[in-house]
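Here are my notes for your read-through. Please keep the structure open beside them.

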Amino acid sequence: MTTAPANPPPGLPTIHPETGLPGRVTVYEVGARDGLQAEQAVVPTAEKIKFIGRLRSAGLQIVEATSFVSPRWVPQLADAEAVLAGLGPDLAPYPVLVPNQRGLDRALDAGARSVAVFVSATETFAQRNLNMTRSAAIDAALQVTTAALENGLTVRGYVSMCFGDPWEGHVAPGAVAEVSGSLIDAGCYQVSLGDTIGVGTTGHVGRIIDAHLSLGIPADTLALHFHDTYGQALANVHAGLRAGITTYDASAGGIGGCPFAGSATGNLATEDLLWMLTGLGIATGVDMHAVVAAGAAMTRVLGKRTQSRVAAALSCDVNRPG
Ligand code: HMG
Ligand code: MG
C-alpha cells in the first residue's frame with residue numbers, strides 16, 4: 001500500500017517523487033536578459049535592478065542580468081553598465097552575455113565576474129544574430145572565452161537553434177554536440193543547449209543529449225534552454241531530468257523571445273518549472289511564490305499578462321499565500 005502524500009501548503013503541489021530523477025536542480029534565471037531583450041518596451045534601469053534583486057532574493061543562485069551587445073542591435077539592453085552598477089558589489093551571481101571582445105571589455109570595465117558567449121548551430125541564425133558566419137562566430141566565441149578566463153571570469157556557452165531552425169529546418173544533433181564540445185574544450189564550465197524557437201519534443205531532447213554523451217561531453221556540463229513556443233518546454237525538461245541534466249534556464253513570467261528569430265516566444269516560465277520540480281520533490285532552494293511576485297511586478301511594468309500558467313492560476317487562487 002502506498003502512503004498518501006502529505007497535504008501541500010496552500011499554493012503548492014503535492015509531492016510525488018519519481019525514481020531515477022536528480023535530487024537537486026539549478027534554475028538559471030534569464031528573464032532580465034533573454035526576456036527583456038525581446039520586449040518592445042524599454043524597461044527603465046531602476047525597474048530592471050529591482051526585478052533582478054527580487055529574483056535573487058527569491059533564492060535563484062544565478063540571475064543573468066543583461067548583455068554587452070551592440071546597443072544598435074538590442075536597444076532594450078543599452079543600459080548594461082548601469083544595470084551592473086546597481087547590483088554590486090558581488091557580481092558573481094549575475095552573468096552577462098558578450099558577443100565579442102568589445103563586449104568583454106565593456107563587461108570587465110563594469111566589474112562582471114561571469115560572462116556567457118553565444119553561437120549558433122546553424123549558418124542562417126549566426127548571420128542574423130551575430131552578423132558573422134557560423135564558423136567566424138564560433139572562432140570569436142572561443143577567443144572571447146580564452147580572454148575572459150585569462151581575466152579570471154567564469155564562462156558559460158550557449159548554442160542556439162539546437163532543435164531546429166526556422167530557415168534551415170532540421171539540425172543534426174552531432175553537429176550541435178561538436179559545437180558544444182569546442183566551447184567546453186575552450187573552458188566554458190557549461191553549455192546551454194537552446195531550443196530558440198521551441199520546436200523540440202521529448203524524444204529529440206534524448207537524441208541531442210545522447211549525441212553529446214557519445215562525444216564524451218558529460219551531462220553535468222550541459223544545461224537546457226527551452227522557449228515555450230509550441231508548449232513543449234515542461235515536457236522537454238522532464239526528458240532532460242530523465243537524462244540526468246541538472247540545470248534549466250527559465251524566465252520569470254515567461255517574458256521574452258528573440259529579436260532575431262520572429263517565431264521565438266518567451267522562455268519556459270520559471271514559476272511553471274518550479275511547480276513541476278516541487279511536485280517531483282526536486283530541491284531548488286527557490287521560493288516559488290517570491291518568483292511569482294517578481295514576475296508579476298515585471299509584467300505590470302511591461303503592461304502585459306504573465307505567460308506563466310502557474311502565476312496565472314495562483315493569481316485567482318483564494319488560498320494563495322500573501
Ligand atoms: P556588427 O554591426 O557586425 O558589429 O554587429 P561591428 O563589429 O561591425 O561594429 C559595428 C558597431 O557596433 C561599431 O560601432 C562597434 O563599436 C559597435 P561604430 O563604430 O559603428 O560606432 N559594437 C559594439 N558596441 C557595444 N558593444 C559591443 C559592440 N560590438 C560592436 N559588444 C555584433 C556584430 C555581434 C556586435 C551584433 O550583431 C550584436 O550585438 N549581436 C547581438 C545580438 C543579440 O544580442 N542577440 C540576442 C542574444 S542571443 C539569444 O537570445 C539566444 C539565447 O537566448 C539562446 C537561445 O535561445 O537559443 C542565448
Ligand atoms: Mg533564448
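**Notes on the two ligand sites**

1. Both D34 and H225 are buried. This is a predicted model.

2. Both residues serve the metal. The magnesium ion (ligand 2) has three protein donors: D34 through OD, H225 through NE2 and H227 through NE2. They lie 2.1 to 2.2 Å from the ion. Water is not among the atoms, so the site may look incomplete.

3. How are the magnesium donors spaced in sequence? The pattern is D-x190-H-x1-H. The pair D34 and H225 links distant parts of the chain, 191 residues apart. D34 belongs to helix α1, while H225 belongs to strand β8 (residues 222-226).

4. H227 deserves a second look. Besides its NE2 donor role for the magnesium ion, H227 has a polar side-chain atom 3.0 Å from an oxygen atom of ligand 1. The protein buries 75% of the 1,100 Å² that ligand 1 exposes when taken alone.

5. Which elements give two or more residues to the shell around ligand 1? They are α1 (31-37), α4 (101-109), α5 (123-130) and β6 (154-160). Helix α1 thus appears here and also holds the magnesium donor D34.

6. Two further contacts with ligand 1 are worth checking. R102 places a polar side-chain atom 3.0 Å from a ligand oxygen. S70 uses its backbone instead: an N or O atom there lies 2.9 Å from an oxygen atom of ligand 1.

7. The shell around ligand 1 has 27 residues, with Q37, N129, N131, S160 and T196 coming nearest. By type, the shell divides into eleven nonpolar, eleven polar and five charged residues.

Notes: Residues are numbered from 1 along each chain as its sequence is written. Chains are lettered from A and ligands numbered from 1 in the order in which they are written. This is a predicted model: local features need pLDDT of at least 70, side-chain atom pairs count only at pLDDT 80 or more; totals for chains, interfaces and linings use all residues. Side-chain values use heavy atoms; hydrogens and water are left out. A residue is near a molecule or strand if one of its heavy atoms lies within 4 Å of it. A polar contact is a pair of N or O atoms within 3.5 Å; within protein, one must be able to donate a hydrogen and the other to accept it, and residues adjacent in sequence count only if both atoms are side-chain atoms. Accessible areas come from the Shrake-Rupley method with a 1.4 Å probe; for residues, only the protein chains shown count as cover. Helices (H or I, at least four residues) and strands (E, at least two) are DSSP runs, numbered from the N terminus. Ala, Val, Leu, Ile, Met, Phe, Trp, Tyr, Cys and Pro count as nonpolar, Asp, Glu, Lys and Arg as charged, and the others, Gly among them, as polar. Donors are N, O and S atoms within 2.8 Å of the metal (3.2 Å for Na, K and Ca); water is not among the atoms, so sites may look incomplete. Buried means under 20% relative accessible area, exposed over 50%, partly exposed in between (1.4 Å probe, protein chains only).
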